[in-house]
Amino acid sequence: MWTVEKNRKSVKLLSGLLAVMLLVTGMMPPARISAAVPSIVQLSSTYTYAEMCQDIAELTQTYPGIVTSGAIGTSVLGNPIPLVILGNPAAPRSIMVQSSIHGREYIVSQTTMATIEYYASRYAAGEYGDVLASTCFYIVPMVNPDGVTMAQMMNPSWKANANGVDLNRNFPTLWELTKGASAPGAANFKGYLPGSEPETQALMNLAVSRDYCCYLNYHQQGNIIYYDDDLTSPVVSQLSAALARTVSAINGYRPVNTAGSNASGTTTYGGFGDFTLIGIQKPGITVECGSAYGAAAQGQAASIYLKNVETWAAVARLFPS
Ligand SMILES: [Zn+2]
């Protein structure tokens, strides 16, 4: 009991500190801040793969009715790639979320985990019943655990997996048109074959395992939302644009339509977004959070989380049950 009371006091203290910090920087209105501070997932320092696995175990124990977990496969170095299921798997709608396909962008793993805690804790307090009764979120908070660890321990610029393949250029959709580095390394090498990497294969298997309403892809950096793609159907284009507008209205990030940008040579295919938008013709957006990545962005973790936390409910409510 004493521990619970102490934790409550700590959360209250942290909540107050965060509120003051964000008020000073003018990031969020004060009313939403105290309700949103997580107590299991910390946002203040480097978030490791081991810490995330520990938090997943704690969240499933604390919120057994609403958070469950599993794995979608294993990485090149044999690390399980966790899957967190938020909501009722029997719900009529499903949304897939994936973060940190690029190693150096590991802060979006932290903010994604904090978002899971937010909805689980609010649901336990009687909120978001409409969202979580009708929608189940399938979340891969760290697609590339080896790349994250390499970015944290060896090379802060490391985006690729442990084979030096940029996973977000390794998907089979228009892979042959994808350019970039000619050899394995920290970034931009698409692999020797499409879909060659275990992390790519695991994410593809999850992506086609059920009829998702949409896909939310979290990256760093830019404070922008990419939507649409070449070769999408009008329905997919319209839904992706609606997703971008909905999320932008909450987080303030700028929507960017990527359809047609290949004409100027700026589009790179072979990404997970290409696989979902073109390959299986499903709507989705890529949210580029914050204005930096890695350690340089650690101070932005709390504000990225607060700006984006309400977007999952808004996206779920876009789709009729
Ligand atoms: Zn990225």
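This passage walks through helix α4, strand β4 and helix α7, along with the elements they touch. The model is a predicted one.

Helix α4 takes up residues 107-124, which makes 18 residues in total. From its first C-alpha to its last it reaches 26 Å, close to the 26 Å expected at 1.5 Å a residue. Most of α4 is covered, with 16 of its 18 residues buried. After the helix comes Gly126, which has a positive phi, near 95°.

A partner for α4 turns up in helix α3, residues 49-62. The two axes come within 11 Å and cross at roughly 5°. Since angles under 35 degrees count as roughly parallel, that crossing makes α3 roughly parallel to α4. On the α3 side, the residues involved are Met52, Asp55 and Leu59. They meet Ser109, Met113, Ile116, Glu117 and Ala120 of α4. By character, the residues of this contact split into five nonpolar, one polar and two charged.

Next comes strand β4, made up of residues 135-140. Six of its six residues are buried, so β4 is largely enclosed by the rest of the structure. Its side chains can be sorted by direction: Thr135, Phe137 and Ile139 point one way, while Cys136, Tyr138 and Val140 point the other way. Both sets are buried.

Two strands pair with β4. Strand β2 (residues 80-86) is joined to β4 by three bridges, and this pair runs antiparallel. Here Leu86 stands opposite Phe137 of β4. Strand β3 (residues 93-99) is joined to β4 by six bridges, and in this case the strands run parallel. In that pairing Gln98 sits opposite Val140 of β4. Phe137 and Val140, the β4 residues named in these pairings, belong to the two opposite-pointing sets of the strand.

The strands come up again with helix α7, which covers residues 198-207. Seven of its ten residues are buried, so α7, too, is largely enclosed by the rest of the structure. The buried residues are Pro198, Glu199, Thr200, Ala202, Leu203, Met204 and Ala207. What covers them includes four strands, β1 (67-74), β2, β3 and β4, as well as helix α9 (272-279). Strand β4 is thus bridged to β2, bridged to β3, and among the elements covering the buried residues of α7.

How values were computed. Residues numbered from 1 in each chain as written. Predicted model: local features only at pLDDT ≥ 70, side-chain atom pairs only at ≥ 80, totals over all residues. Expected span 1.5 Å × (residues − 1). Buried ≥ 20, exposed ≤ 12 C-beta atoms within 10 Å, placed from the backbone. Pairing = 2+ DSSP bridges. Axes fitted to C-alpha atoms, helices over the stretch in contact; angles between N-to-C directions. Parallel < 35°, antiparallel > 145°, perpendicular 65-115°, else oblique. Contact = placed C-beta atoms within 7 Å. Nonpolar A, V, L, I, M, F, W, Y, C, P; charged D, E, K, R; others polar.
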